[in-house]
Amino acid sequence: MERIILGDYVTAPTEGALTASVYGGLEKFELAAFLAQWKGLQREALVALGEEQRIHPSAFIHPTAIIGDDVIIGPDVKVHEFTTVRKGSVLCAGAQVGFNCEVTAAFVGEGAVLGHRIGVNRTILGARTHLSANVTVAAINMTTDMRKPDREVIMRTGNGLYRSGTTQFGAVIGDDTQTGNNISIGPGVAIGRRCQITSGVTLAIRTVPEDCTITAPHATEASIRRRRSTFPH
């Protein structure tokens with residue numbers, strides 16, 4: 001089975017107290033091993049940081065935002081109106097989370113930008129990633145009872161199948177990757193560095209190499225015609 005090493009996709013924190021925590025070694029982890037240990041690693045990081053460093057004083061959090069008790073927020077982070085950052089999430093230095101987003105059990109890399117109405121779950125976002133409006137990263141496969149996921153997330157790679165070892169995994173989205181809007185990703189996606197995902201894409205259970213452009217079917221086949229003008233010239 002092909003190995004997926006996080007350092008081939010994302011950069012570990014380089015600013016703030018997170019660099020000295022377990023997340024400072026993020027790049028060395030194999031994906032499935034990281035997912036298996038993630039809850040424990042988050043607890044370890046919380047203990048190391050302590051309550052005083054858990055949310056950096058330079059962070060801006062809008063009064064309407066909701067922040068979970070075990071969320072870590074680094075220097076100069078911005079969390080905007082009506083956004084919820086739920087259990088086990090990490091927002092690294094300089095990350096920005098826009099209006100009406102939901103971030104659950106996610107690692108958001110340094111300088112990453114989440115635009116309006118973004119939903120990410122059980123996902124690792126690299127440094128300087130930029131997700132535009134209405135992007136969703138789903139973390140579980142369809143099942144008879146969606147409250148109790150029971151199907152392991154498995155991905156297709158260039159060399160066969162990759163087993164994540166968990167029923168809950170959305171995506172790894174590499175450093176400097178950008179998206180358009182109205183995009184659905186996951187479960188089970190690994191996207192390389194510096195990719196561009198155009199509007200309308202749906203992507204699941206696969207890996208994507210770095211420096212790729214991903215387009216929706218027929219995205220370049222739009223019909224454009226001139227209208228007869230009813231206004232005087």
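How many positive and how many negative side chains does the protein chain have, and how far apart do the centres of the two sets lie? The chain has 23 positive and 22 negative side chains, and the two centres lie 10 Å apart. Keep in mind as you read on that this is a predicted model.

Let's start with the whole chain. Its secondary structure comes to one helix and 24 strands. The radius of gyration is 19 Å, close to the 17 Å that the globule rule gives for 233 residues, so the chain is as compact as a globular protein of that length. If you lay the C-alpha trace along its principal axes, you get spans of about 70 × 45 × 35 Å. Of the 233 residues, 46% are buried. The chain exposes about 12100 Å², and carbon and sulfur atoms supply 50% of that area. As for how the chain meets itself, take the contacts with a separation of 6 or more: residues 24 or more positions apart account for 32% of them.

Now to the strands. Strands of a sheet pair through backbone hydrogen bonds, either parallel or antiparallel. You can find both kinds of pairing here. Seven strands form an open sheet with parallel pairing, and if you walk across it you meet them in the order β2-β5-β8-β11-β14-β19-β22. What about the edges of this sheet? That is where β2 (66–67) and β22 (202–203) stand, each with a single partner strand, so one side of each is left without a neighbour in the sheet. For a look inside the sheet, pick strand β11 (residues 119–121) and strand β14 (residues 135–137), which pair in the parallel sense over two bridges. In that pairing, V120 stands opposite V137 in β14.

For the antiparallel kind, go to strand β15 (residues 154–157) and strand β16 (residues 160–163), which are joined by four bridges. The link from β15 to β16 is a hairpin, made through two residues. Here T157 stands opposite G160 in β16.

T157 also leads us to another strand, as it is one of the residues touched by T207. T207 lies in strand β23 (residues 206–208). Is T207 buried or exposed? It is buried, because its relative accessible area is 14%, and the cut-off for buried is under 20%. Setting aside residues up to four places away in sequence, T207 touches I4, Y9, M155, R156, T157, G158 and A190.

Next, find L91 in strand β6 (residues 90–91). With a relative accessibility of 0%, L91 counts as buried. Which residues is it in contact with, once neighbours within four places in sequence are left aside? The list is I72, I73, G74, V77, V79, V85, V97 and V108. Have a look at F107 too: L91 and F107 are 16 residues apart in sequence, and their C-alpha atoms are 6.3 Å apart in space.

F107 turns up again beside Y23, which touches it. Y23 lies in the segment before α1 (31–54), and this tyrosine is buried, with a relative accessible area of 1%. Not counting residues up to four places away in sequence, Y23 touches A12, P13, L18, F34, W38, Q42, A45, V90 and F107. Take A45 from that list: Y23 and A45 are 22 residues apart along the chain, yet their C-alpha atoms are separated by 7.5 Å.

Finally, a few backbone details in the loops. Most residues other than glycine have a negative phi, and most peptide bonds are trans. Where can you find something else? One place is F82, which is not a glycine but has a positive phi of about 60°. F82 sits in the loop between β4 (78–79) and β5 (84–85). Another is N182, also with a positive phi, of about 55°, although it is not a glycine. You'll find N182 in the loop between β18 (178–179) and β19; this asparagine is partly exposed, with a relative accessible area of 48%. On the other side of β19 (183–185), in the loop that runs between β19 and β20 (189–191), lies P187. A cis peptide bond joins G186 and P187, with omega about 0°.

How values were computed: Residues are numbered from 1 along each chain as its sequence is written. This is a predicted model: local features need pLDDT of at least 70, side-chain atom pairs count only at pLDDT 80 or more; totals for chains, interfaces and linings use all residues. Side-chain values use heavy atoms; hydrogens and water are left out. Buried means under 20% relative accessible area, exposed over 50%, partly exposed in between (1.4 Å probe, protein chains only). Contact means heavy atoms within 4.5 Å. The radius of gyration is taken over C-alpha atoms; the globule rule is 2.2 Å times the number of residues to the power 0.38. Accessible areas come from the Shrake-Rupley method with a 1.4 Å probe; for residues, only the protein chains shown count as cover. Lys and Arg count as positive and Asp and Glu as negative; His and the chain ends are not counted. The place of a charge is taken as NZ of Lys, CZ of Arg, CG of Asp or CD of Glu. Two strands pair if DSSP finds at least two bridges between them.
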